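This note is addressed to a reader who meets the structure for the first time. Please keep the sequence and the model at hand while reading.

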Amino acid sequence: MYKFWIAIKKEFSILIYDKTGLAIMYAMPILLVFIITIVQDSAFRIVNENRISMLIVNKDKQSQSLKLVDLMEASGLFDIHKADSLPVQDIKQYMLDEDYLTGLYIEPQFTGSLVAKATAVSTDMMLELGLLEDSLENNLAASSLQFYHDPVLKENYCMSVINMINAILKGVEGELLINTLCEQLGLEDAPAKLKEAMIDKSTPVERNVATTSNSNVIPNSTQHNVPAWTIFAMFFMVVSLGNNIVKERLNGSFIRLKTMPTPFYIVLASKMAVYLLVALTQIAFVFTLTKLTFPALDLPQLTLPDNTIGFLLLSVVSSLAAVSYALLIGSLAKTQQQSYGFGAVSIVIFAAIGGIWVPSFVMPGYLQMLSMVSPLNWCLQGFYVLFLKGGSWAELIPVLLGISSFVLLCLVVVYFKLKKEKII
Amino acid sequence: MNTPRIRTENLSKRYKGADKFSLEKVNLSISSGDIYGILGPNGAGKTTLISILCGIFEPTEGSLSYYRNSKAVSFEQFQPNIGYVPQEYAFFEELTPLQNLEYFGAMYNLNKNEIRTQSRLILDLLGLKKVVNDRILTFSGGMKRRVNLAIGIIHNPSVLFLDEPTVGVDVQSKVAILRILKELNQKGTTIIYTSHHLSEAEAFCNSISLLDHGKIIVEGSLKALMKEHETQNLKDLFIRFTGEEFRD
């Protein structure tokens, strides 16, 4: 036990000396978590929380177009700027000059067209019901709204905005149709309550998060970025621990230890213990700091999982995966440069395909398949189970077993490599 | 009669994938209290031989016997008695000499008190008293060699293996290292060492084996060998048996 303690003490002393390595291991995840979360959260807010800037050129200025614009304003989704006197040919230039993301041009005969359409539909209904004997001439003048958008806006974003306008327009058309019907039925004095009930009785759509827990934590940039970048930093210990292994292999201290009455597993176990502690303190450090500071920075609050034991277990297993991977690289690399270069690059690639930067579910199918080879992805899936899906053991255990298998595989390769080099 | 310490019989070593043997049928006998020099040109197999003797590599063929109090013992029983000083600076330069000795001392089964006493004593002996708490990174080559030696002798080994212990050091460090090794030998430590410095080996060793192309050409007491082969010094003996051709 004394040997193990001294070996731990030595590893710790070397670790403390490596200030750059420490900075990479502790400062990097904090910086990444803050920067990426702030950037992603801003983008998220532009799409989801900020009102869409819209230029409206209303050449109709009649009841229905005014109602449409009023309803759009009332929806709270749009930041509307009216420029009714603007000629249609100048709309694009004006939008570019004034930085409007979207624009809407309402043609002069918009209200007339809508009223004619409502009357025609209402008359057809009356005829079908036998309440009218003769049809009026049905000349529907087609009218459309012209939607403009900034070229940088993505297709799905544009379609979402068009769908919002359509939904409001449907409300306007619906109300107009009901009013026209009431008029034709001689119910001009129909109570407003009845009209309201007919117009507003749409079926509500309630939002639910698909998790197995009762807590409805909404996936957001914090819930993804905090665990994701912590995992990245944990695996980045390959730079420090990998180099440590290569150095001791090459400078002869491993060989020297072979002449001593000490089993080599003590040396490896002490390295694993110290770096396991490093990885666990990385998790504790990043999670605590983000939990305490994110609300003050107006970032989404980090919600810790209910399954505390699962969280601790996943933290330990993920840390062991990072340590084992670093041992693997350290035992396979022939030089410190190889260890540093390959170790760092491999982690960046594993992070890219493993869903650290962008969640893997938004990747193309073949990349999602490829992400399965990334140990970072397995760890991240575990944190998703805990942070976003309620943390059920049924979902967590396969992830833990997968990561544990990776740990075992790495250690077996390390053993045989060191055995081949006559170190063990 | 000299008490045996290590004996080899037809010891051979061929590395995996190599065409020929690095060591071939090596027979040698090292007695207790010897300062035994394993000498030879580059690539002769000196480091391979010393690595096998101290348990780093296993021989491909042949046998190896260790003795304690004239009784044959297994390597595991013998291992705590050996010290090994490799040619490389096999320690942790980010740490201080004291921290290194604490680590390797523990690996040699010393307890806390033994480590403390021995570290101070040896570092003092090797002229490193003033820098015990300095990081080795800042040390000169000679100081690093002395730290390398200190690690190998912290546990008072009865057999000490040294692979080129004075290579690349200044004269003062070389003199200090050899003086301490002589003192250790006088206290009973058997020393087995390799060197390129023939004049140093001549002054230091009492027995040698001359190795070339993996084979022992001559072995025995240095004085007896020089007398037998009528040479004035070890260099002449060396050239007589290994020739003057370059060895790369």
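The points below cover the basis of the model, its cores, the contact between chains, and one helix.

1. This is a predicted model, in which local features need pLDDT of at least 70, side-chain atom pairs count only at pLDDT 80 or more, and totals for chains, interfaces and linings use all residues. Residues are numbered from 1 along each chain as its sequence is written, while chains are lettered from A and ligands numbered from 1 in the order in which they are written.

2. The largest nonpolar core (buried Ala, Val, Leu, Ile, Met, Phe, Trp, Tyr and Cys residues joined through C-beta atoms within 7 Å) comprises 141 residues. Buried denotes 20 or more other C-beta atoms within 10 Å of a residue's own, with C-beta atoms placed from the backbone. A:Phe232, A:Phe235 and A:Met237 have the most contacts inside this core. Helix H12 (residues 308-332) of chain A contributes the most, twelve residues; helices are DSSP runs of H or I with at least four residues, strands runs of E with at least two, numbered from the N terminus.

3. Apart from that core lies another, of 21 residues, including A:Leu55 and A:Phe110.

4. Between the chains, 24 residues of chain B are in contact (C-beta atoms, placed from the backbone, within 7 Å) with 20 residues of chain A. On this side of chain B, H3(B) supplies the largest share, five residues.

5. In chain B, seven of the eight residues of helix H1 (residues 46-53) are buried, among them B:Lys46 and B:Leu53. B:Gly55, which follows H1(B), has a positive phi, near 90°.

Key
Buried ≥ 20, exposed ≤ 12 C-beta atoms within 10 Å, placed from the backbone. Contact = placed C-beta atoms within 7 Å.
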